[in-house]
Amino acid sequence: MRSVVQRVSEAYVTVDGKETGRVGKGLMALIGVEAGDTEKDAVYLAGKIVKLRIFEDENEKMNLSVKDVQGGILAVSQFTLLGDARGQNRPGFTQAEAPERANELYELCCAEMRKMGVTVENGVFRTHMMVHLINDGPVTLLLDSHKNF
């Protein structure tokens, strides 16, 4: 599984003009599921997102997690994170998991983050979403359960 994680001062997502999720201070996590990913990948990624120490402490050092600052996570499924444009200009998505299985693992990842005591808001799987955010820093990290980067 892959994620693009951004530290935000606020973020929200809408579908057909209706807001489906919103957080204030916290994280925006775009989450993509790769073909062959398992429950182990979802649990790993959830833990990594929640435990990332990318919020500043009293010494202005990135040393606190989203849980430490009592922030929230806006988790949005995004299969395009598995897009491959290395050999062409139009990306291919053969590395993305089939939708039903991808949704299961995305939902498991969100449930695991909630189990860790963090508020998690969501978009709507397989819809056209409009994501709005204010990236704080900016701070943006790439995560991969297979540790490819």
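A polar contact is a pair of N or O atoms within 3.5 Å; within protein, one of the two must be able to donate a hydrogen and the other to accept it. In this predicted model, the side chains of aspartate 144 and arginine 2 make just such a contact, at 3.1 Å. Aspartate 144 is a handy place to start looking around. This residue belongs to strand S8, and it counts as buried because its relative accessible area is 3%, where the cut-off for buried is under 20%. Who sits around it? Setting aside neighbours within four places in sequence, aspartate 144 is in contact with Met1, Arg2, Tyr44 and Phe149. Tyrosine 44 is 100 residues away along the chain, yet its C-alpha atom and that of aspartate 144 are separated by 9.3 Å. There is also a link to the backbone: the nitrogen of asparagine 148 lies 3.4 Å from a polar atom of the aspartate 144 side chain.

Next comes the nonpolar interior. In soluble globular proteins, nonpolar side chains tend to be buried together. Here, the largest nonpolar core has 28 residues, and the members that touch the most others are Ile31, Ile49, Ile73 and Met113. Which elements give two or more residues to this core? They are strand S3 (26-32), helix H1 (39-51), strand S6 (72-77), helix H2 (99-115) and strand S8 (129-144). Helix H2 supplies the largest share, six residues. Isoleucine 73 gives a good feel for the surroundings: leaving out residues up to four places away in sequence, it touches Val23, Leu27, Ala29, Ile49, Val50, Val66, Met113, Val118, Thr119, Val120 and Glu121. That is not the whole story, since a second, separate core of 14 residues includes Ala11, Val23, Met28 and Leu74.

Charged side chains pair up too. How many salt bridges turn up in a search of the whole structure? The search finds eight. One of them joins the side chains of aspartate 136 and arginine 7, with an N to O distance of 3.6 Å. Aspartate 136 is in strand S8 and arginine 7 is in strand S1 (residues 2-15), so this pair ties together parts that are 129 residues apart in sequence. As for exposure, aspartate 136 is partly exposed, at 32% relative accessibility, whereas arginine 7 is buried, at 6%.

Helix H2 has salt bridges of its own. Glutamate 104 and arginine 101 meet through their side chains at 3.1 Å, N to O. What separates these two along the helix? They are three residues apart in H2, so about one helical turn lies between them. Glutamate 104 is partly exposed, with a relative accessible area of 40%, and arginine 101 is also classed as partly exposed, at 25%. Further along the numbering, glutamate 112 forms a salt bridge with lysine 115, their closest N and O atoms being 3.1 Å apart. Both of these residues lie in H2, three residues apart, or about one turn of the helix. Are the partners buried or exposed? Glutamate 112 is buried because its relative accessible area is 14%, while lysine 115 is exposed, with a value of 66%. Elsewhere, salt bridges that share partners join Glu10, Glu19 and Arg22 into one network.

Arginine 22 has another partner as well: it lies over the face of tyrosine 12, at 4.2 Å from the ring centre.

Finally, there are the aromatic rings. A search of the whole structure finds two aromatic pairs. Phenylalanine 79 and phenylalanine 93 form one that is edge-to-face, with 5.0 Å from centre to centre and 65° between the planes. Where do these two rings come from? Phenylalanine 79 and phenylalanine 93 are both in the loop between S6 and H2, 14 residues apart. Phenylalanine 79 counts as exposed because its relative accessibility is 51%, and the cut-off for exposed is over 50%. Phenylalanine 93, by contrast, is partly exposed, with a relative accessible area of 31%.

Methods:
Residues numbered from 1 in each chain as written. Predicted model: local features only at pLDDT ≥ 70, side-chain atom pairs only at ≥ 80, totals over all residues. Heavy atoms only, no water. Core = buried A, V, L, I, M, F, W, Y, C linked by side-chain atoms within 4.5 Å. Buried < 20%, exposed > 50% of the residue type's maximum accessible area, 1.4 Å probe, protein only. Helix = DSSP H or I, 4+ residues; strand = E, 2+ residues; numbered from the N terminus. Contact = heavy atoms within 4.5 Å. Salt bridge = Lys/Arg side-chain N within 4 Å of Asp/Glu carboxyl O. Phe/Tyr/Trp six-rings, centres within 6.5 Å; stacked < 30°, edge-to-face > 60°. Lys NZ or Arg CZ within 6 Å of the ring centre and 35° of its normal.
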